[in-house]
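I opened this model to go through its strands, helices and chain contacts. My notes are below, in the order I looked things up.

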Amino acid sequence: MPLLEVRDVHTYYGNIEALKGVSLTVEKGEIVTLIGGNGAGKTTTLRTICGLLKPRSGTIVLDGKDLARTKAHEIVNLGVAMVPEGRGVFSRLTVAENLDLGAYTRTDRGAIRRDLEMVLRLFPRLKERFRQIAGTLSGGEQQMLATGRALMAHPRLLLMDEPSMGLAPILVESIFDTLREVNREGTTILLVEQNAHMALQIANRGYVLQTGQIALAKSAEELQHDPMVRKVYLGID
Amino acid sequence: MIASDVRQGLRSGMLLAIVVVFLFLIGATTTIADIFANALKQDRGVSLQAVLGLLALWAGSQAAKVSLDEKRPSWPRTLLRAGVAGLSSGLVIGLTLLLTLRLHEQGINLRTYLYQLSPASLDLWSLGRSPIAAALFHVLLPLVGCLVGAVLARGFRDAPWRGPASRRMSAVREAITRPLANAARTRWGRILLYAALGTLLLLLPLRLNNYWNFTLGTVGIYVLMGLGLNVVVGLAGLLDLGYVVFFAVGSYTIGLLTAPTPHNLMWDFWIVLPIAVLLAAIIGVLLGVPVLRLRGDYLAIVTLGFGEIIRVLLKAEALASFSNGPRGIPSIAQPTLVGLPFGSDRDFMYMIILSVMLVIFLTNRLQNSRVGRAWIAIREDETVARAMGINTLTSKLLAFGIGAAFAGLGGVLFASRSQFTGPDDFNLMVSINVLAVVIVGGMGSIPGVIAGAFVLKGLPEVLRELDAYRILSFGALLVAMMVLRPEGLIPSTRRRLEMQEARAAESPPATPVAPVGRGGAA
């Protein structure tokens, strides 16, 4: 049984149908990427999974539990953490407070401290800036903070919304390296990206989303060689 | 170089001219002169000139001010700045005076246009001389004042004793605050400090007369409400403009349940007190359920509406059988203590002090609790807060309920102390005042809210001397305070940190911050 199974999900913004029957699965231990252009519905898919948006129909099953009928704050407790688009750090709080809020739903102090050590090991920069206001961090550091904060929830499934946005290529590479490391340590990742090139390099499998529907579902390897993907998303003829 | 000197001089000069002409036109100078004349046992004319002279000295020192990024100018340039400031302001003031005095001479009644410009105040300014002579004098006064002010200011900055003196001052300050700060860090030291503070608060009401007990009691009630609204606005970031609702719930609960009219229930004060606080909290939560789905500006407008609705409802003749309508509720019960009446302004002062201490304790605990962290997250970014697993609705309802309970407590004490409450106690100004207490004091800061309440409710009492200009000068003070300290009188450590870092971000950093990657990649 897959860790996450999204089946025929329709999500609306008012009367506008943003997701027109999206289905996808994420197996335990995988990195799955969702690529697509602007307005394809990538962010909407993530927000629907983590409960910030409610689907009008369809099911989202995490380990046998239907997330479509669970409130956003309870979904975190089930082991789903999101790194929002544009990073969404609490810019007026310190790095320490941001990380602390990531573990908001947890009460196991010892485990929280271990996770904090793990996050600070993954991102040594955050240790240096521990008492600094998050708004004064650089874009790359904010992305690290947002990722670290999500890891503080000790998720089984990590949802990443365009971690490469607005970052220099070298920083993107370093973030993706970290994601691979996080995945190696047992966290399943669903990664939304416009930077298809980078995403397909670290993912096991990928889905191509077009105007609210899944257009392609293949292994990352196959997608890299798919003529349509090469032309539209990788910019190679 | 010269141009920048002239510009700085003109700036200070115009500031002085605006202040003086404004004071002149609204006739405030007679009042100010009276106050000084009383205080110094001097002639009113002399007093006025002393005040104007002081203003000119200040303008002169402003003109001579050296900004941080410029080299200190030479003496002639300092004098040039001061001269320009004095002359420009003098000309404006002199011409205004000349014009008004001439008009007055022609028999035009200036009071038709400027109500406060009485002949008496004109006499004060003209010094009993001809308009030309008076105008000339008022050109010379700022000029001399500015020059002297600049020389004094610069001389003071250069004085040889100044360095050691300021060092000695900070050493003295250190000697006082260091042991206190150290003492506060040890357990027994803290207990001792609290005990000292407690004794002071116990003895204070005894030493005060009724007037001051009443006035400070009102300040205390505003501290209560300020701390309550601070939870809602300062911590949870929900802009509530109808906070007066909960104050009204507290007041009317004690009123309706203890007064002979309209219901003749005559319950005991101590029984009603917790009921009223609880009821205010419940109403807070009930109001919150529909309202808290809104965000930001919409929330502010809807709460504003609720605030007005409650006043209109209480005033309505149709509901008079329930709430006594516009007549309000007289003869509200006061508390008794072991059978003895406990209702003097001094007794209420004690109750208010106790309530404030309780509320401070609770707020302090809440702030550092789990729900306190949830509030901060919601204030910063509600969507992300939800993604962190925070139940935003219940957290917000809790903030609303707690804030409402504090206001309800304030309402009970307020109504019972004056033994009367009516719909007009609950106008929009109460909500605005409480919000101002929070903002002026410093959002999210407990000492800030206390300072804010003292400034906003205490200062107007002190300013009573200024009579007709009380509200005017109060407004000017508020504006000045927000310009000088936008983060509030005593900002919370968080706000202070933000402001500092924001300021640091404005000026270019000394060393460029490298983009940072893992392992120091740049």
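These entries cover chain A, then chain B, then the contact between the two chains.

**Entry 1: what I am looking at.** I note first that this is a predicted model.

**Entry 2: the open sheet of chain A.** I traced an open sheet of six strands in chain A. Its order is β6-β7-β8-β3-β9-β10, and the pairing is mixed. I then asked which strands stand at the edges. They are β6 (80-83) and β10 of chain A. Each has a single partner strand, so one side of each is left without a neighbour in the sheet. I also looked up the twist: neighbouring strands are turned by 15° against each other on average, direction ignored.

**Entry 3: a parallel pair in that sheet.** I checked β7 (residues 157-161) and β8 (residues 188-193) of chain A. They pair in the parallel sense over five bridges. In this pair A:M160 stands opposite A:L191 of β8(A). Next I looked for a helix on the sheet. Helix α1 (residues 42-49) of chain A packs there. It touches β3 (31-36), β6, β7, β8 and β9 of chain A. The direction of α1 makes about 150° with that of β7(A).

**Entry 4: an antiparallel pair in that sheet.** Strands β9 (residues 205-210) and β10 (residues 213-219) of chain A run antiparallel and are joined by six bridges. I found A:Y207 opposite A:A217 in β10(A). The two strands form a hairpin with two residues between them. There A:T211 takes a positive phi near 35°.

**Entry 5: the hairpin at the start of chain A.** I moved to β1 (residues 4-13) and β2 (residues 16-26) of chain A. Eight bridges join them, and they run antiparallel. A:L4 stands opposite A:V26 in β2(A). This is also a hairpin with two residues between the strands. In its turn, A:G14 has a positive phi of about 60°.

**Entry 6: backbone oddities.** I looked up A:D63, which is not a glycine yet has a positive phi of about 55°. A:D63 sits in the loop between β4 (57-62) and β5 (65-66) of chain A. In chain B, I noted a cis peptide bond from B:T261 to B:P262, with omega near -5°. B:P262 lies in the loop between α10 (244-258) and α11 (269-291) of chain B.

**Entry 7: domains of chain B.** The domain assignment gives chain B domain 1 (2-159) and domain 2 (193-496). I read 43 Å between their C-alpha centres.

**Entry 8: a helix pair in chain B.** How do α3 (residues 44-63) and α4 (residues 75-105) of chain B cross? Their axes come within 8 Å and cross at roughly 140°. That makes α3(B) oblique to α4(B). The crossing is right-handed. From α3(B), the contact uses B:A56, B:A59, B:G60 and B:A63. From α4(B), it uses B:R81, B:A82, B:A85, B:G86 and B:S89. I sorted these by class: five nonpolar, three polar and one charged.

**Entry 9: where the chains meet.** I found 24 residues of chain B in contact with 31 residues of chain A. On the side of chain B, α15 (370-380), α16 (382-387) and α21 (493-506) each give two or more residues. The largest share, five residues, comes from α15(B). By class, this side of chain B has 13 nonpolar, four polar and seven charged residues.

Terms used:
Residues numbered from 1 in each chain as written. Chains lettered and ligands numbered in written order. Predicted model: local features only at pLDDT ≥ 70, side-chain atom pairs only at ≥ 80, totals over all residues. Domains from an automatic or database assignment. Pairing = 2+ DSSP bridges. Helix = DSSP H or I, 4+ residues; strand = E, 2+ residues; numbered from the N terminus. Axes fitted to C-alpha atoms, helices over the stretch in contact; angles between N-to-C directions. Contact = placed C-beta atoms within 7 Å. Parallel < 35°, antiparallel > 145°, perpendicular 65-115°, else oblique. Left-handed = near helix turned anticlockwise from the far one by under 90°. Nonpolar A, V, L, I, M, F, W, Y, C, P; charged D, E, K, R; others polar.
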